[in-house]
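Open the model in your viewer and keep the sequence panel handy. We'll go from stop to stop, selecting as we go.

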Amino acid sequence: FSFQEPQPVEQLVQSLCDEKQAYTQYGGLRPFGVSMLYAGWDKTYGFQLYQSDPSGNYNGWKATCIGANNQSATSLMKQEYKEEIIPLSQALDLAIKVLTKTCDATSLTPDKFDLATLTLGPEGTVVYHELSAAESQVLLDKAKAEDASGDA
């Protein structure tokens, strides 16, 4: 047996989407029934983001949304996301801004959403971090303060 390097992210996404698509061909079923976002990193292409629909079609993105009000959210991101690469703190601020402006809830609270980051840690390890309710609340408070100062 030989050790194989991990496949680039797109190959993994393609493999998963091929499986989703196969179910639509044989029996016309869509057992996965959801759109998915895939975030990953590989040595070949760095950080990548892909979105797939229930049929198994997928696309790569710099930033995207799925779910309720995704068109409004995507439109807002197109207006706000202007640089090729932005700092993580700026990306989190943008994510909160998009959520607060497109969420159906009258008042957005951390129990209504989840935020996670994907970064490179020591020795090139990929680190997945799901923000706690307290970390999310700090971002919400900052966004509310900026929104209030902008209205003044």
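**First stop: a helix residue**

Select Ala73, which is found in helix α2; helices here are DSSP runs of H or I with at least four residues, strands are runs of E with at least two, and both are numbered from the N terminus. Before you click on, note that this is a predicted model, where local features need pLDDT of at least 70 and side-chain atom pairs count only at pLDDT 80 or more, while totals for chains, interfaces and linings use all residues. Residues are numbered from 1 along each chain as its sequence is written, and side-chain values use heavy atoms, with hydrogens and water left out.

Is Ala73 buried or exposed? Ala73 is buried, because its relative accessible area is 4% and the cut-off for buried is under 20% (exposed is over 50%, partly exposed in between, with a 1.4 Å probe and protein chains only). Now show its contacts, meaning heavy atoms within 4.5 Å. Leaving aside residues up to four places away in sequence, Ala73 touches Cys65, Val98 and Thr102. Draw a distance to Thr100 too: that residue is 27 places from Ala73 along the chain, and their C-alpha atoms are separated by 9.8 Å.

**Zoom out**

Show the whole chain as a cartoon. You should find four helices and five strands, in the order α-β-β-β-α-α-β-β-α along the sequence. The C-alpha trace spans about 60 × 45 × 30 Å along its principal axes. Of the 152 residues, 24% are buried.

**Helix α1**

Select residues 9–25, which make up helix α1. Its 17 residues should span 24 Å (1.5 Å times one less than the number of residues), and the end C-alpha atoms are 25 Å apart, which agrees.

Which residues of α1 are buried? Colour Val9, Val13, Cys17 and Lys20. They cover an arc of only 55° around the axis, so they sit on the same side of α1; the arc is that of the directions from the helix axis to the C-beta atoms. An α-helix has 3.6 residues a turn, so residues three or four places apart point the same way. To see what covers these buried residues, add β1 (36–42), β2 (46–52) and β3, which are among the covering elements.

**Into strand β2**

While β2 is on screen, pick Gln51, which lies in that strand. Gln51 counts as buried because its relative accessible area is 17%. Outside the residues up to four places away in sequence, its contacts include Met36, Tyr58, Trp61 and Ile66.

**A patch on the surface**

Switch to a surface view and select Tyr23, Phe32 and Val34, a nonpolar patch with about 240 Å² of accessible area together. Phe32 is found in the loop between α1 and β1, and counts as partly exposed because its relative accessibility is 34%.

**Two residues with positive phi**

Last, check some backbone angles. Most residues other than glycine have a negative phi. Asn69 has a positive phi of about 60° although it is not a glycine; look for Asn69 in the loop between β3 (58–61) and α2 (70–80). Asn69 is partly exposed, at 33% relative accessible area.

Then jump to Glu123, in the loop between β4 (116–120) and β5 (126–130). Glu123, not a glycine either, has a positive phi of about 60°, and counts as exposed at 84% relative accessibility.

Terms used
Patch = residues over 30% accessible without salt bridge, like charges linked within 9 Å, V, L, I, M, F, W, Y side chains within 5 Å. Areas by Shrake-Rupley, 256 points an atom, 1.4 Å probe, with all protein chains shown as cover. Salt bridge = Lys/Arg side-chain N within 4 Å of Asp/Glu carboxyl O.
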